[in-house]
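Let's walk through what holds this fold together, one question at a time. Have a look at the model first.

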Amino acid sequence: MTVKLTFVAHDGGEHEVSADVGQSVMEAALSNGVEGITAECNGSAACATCHAIFDEALLVHMPEITEHENDMLDFAATERVAGSRLSCQIPVTDAFNGARIMLPEEQ
Ligand code: FES
């Protein structure tokens, strides 16, 4: 099962991808060549270079933020905002179909 996600870069450029349900949002970005997600630690929640900003309506479809993820977001290169998460910690579900995911200015 796949869903459509649209990554929106800081400059407004859009990149629509097909993502597999169950993979992380970070993996969906990387496997589709989306620029703006670096993922230096490869999904271990240890680098904060997979920072992405989600619509608040989607937050209920995500795992609750852990204390560790919350701490790591404080180290993100672009200051966190409401809706900021580490995209490696967010599994794609059906609820993400059609989602627009904003990318920060810097990772
Ligand atoms: S890939 Fe490093 S924190 Fe997500």
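A nonpolar core here means a set of buried Ala, Val, Leu, Ile, Met, Phe, Trp, Tyr and Cys residues joined through side-chain atoms within 4.5 Å. Keep in mind that this is a predicted model.

Q: Which element gives the largest share of the largest nonpolar core?
A: That core has 29 residues, and Leu-5, Phe-7, Val-25, Phe-54, Leu-86 and Phe-96 touch the most other members. The elements giving two or more residues to this core are strands S1, S2 and S5 plus helices H1 and H2. The largest share, 4 residues, comes from H1.

Q: Which strands does the salt bridge between Glu-14 and Arg-100 tie together?
A: The two side chains meet at 2.8 Å, N to O. They sit 86 residues apart in sequence, so the bridge ties together distant stretches of the chain: Glu-14's strand S2 and Arg-100's strand S5.

Q: Is Arg-85, which pairs with Glu-69, buried or exposed?
A: Arg-85 and Glu-69 meet in a salt bridge at 2.7 Å, N to O. Arg-85 lies in strand S4 and Glu-69 in helix H2, so the pair links parts 16 residues apart in sequence. Glu-69 has a relative accessible area of 2% and is buried. The cut-off for buried is under 20%, and Arg-85, at 6%, counts as buried.

Q: Is Asp-74, the partner of Arg-80, buried or exposed?
A: Their side chains form a salt bridge at 2.8 Å, N to O. Arg-80 is partly exposed at 28%. Exposed means over 50%, and with a relative accessible area of 55%, Asp-74 is exposed.

Technical notes:
Residues numbered from 1 in each chain as written. Predicted model: local features only at pLDDT ≥ 70, side-chain atom pairs only at ≥ 80, totals over all residues. Heavy atoms only, no water. Buried < 20%, exposed > 50% of the residue type's maximum accessible area, 1.4 Å probe, protein only. Salt bridge = Lys/Arg side-chain N within 4 Å of Asp/Glu carboxyl O.
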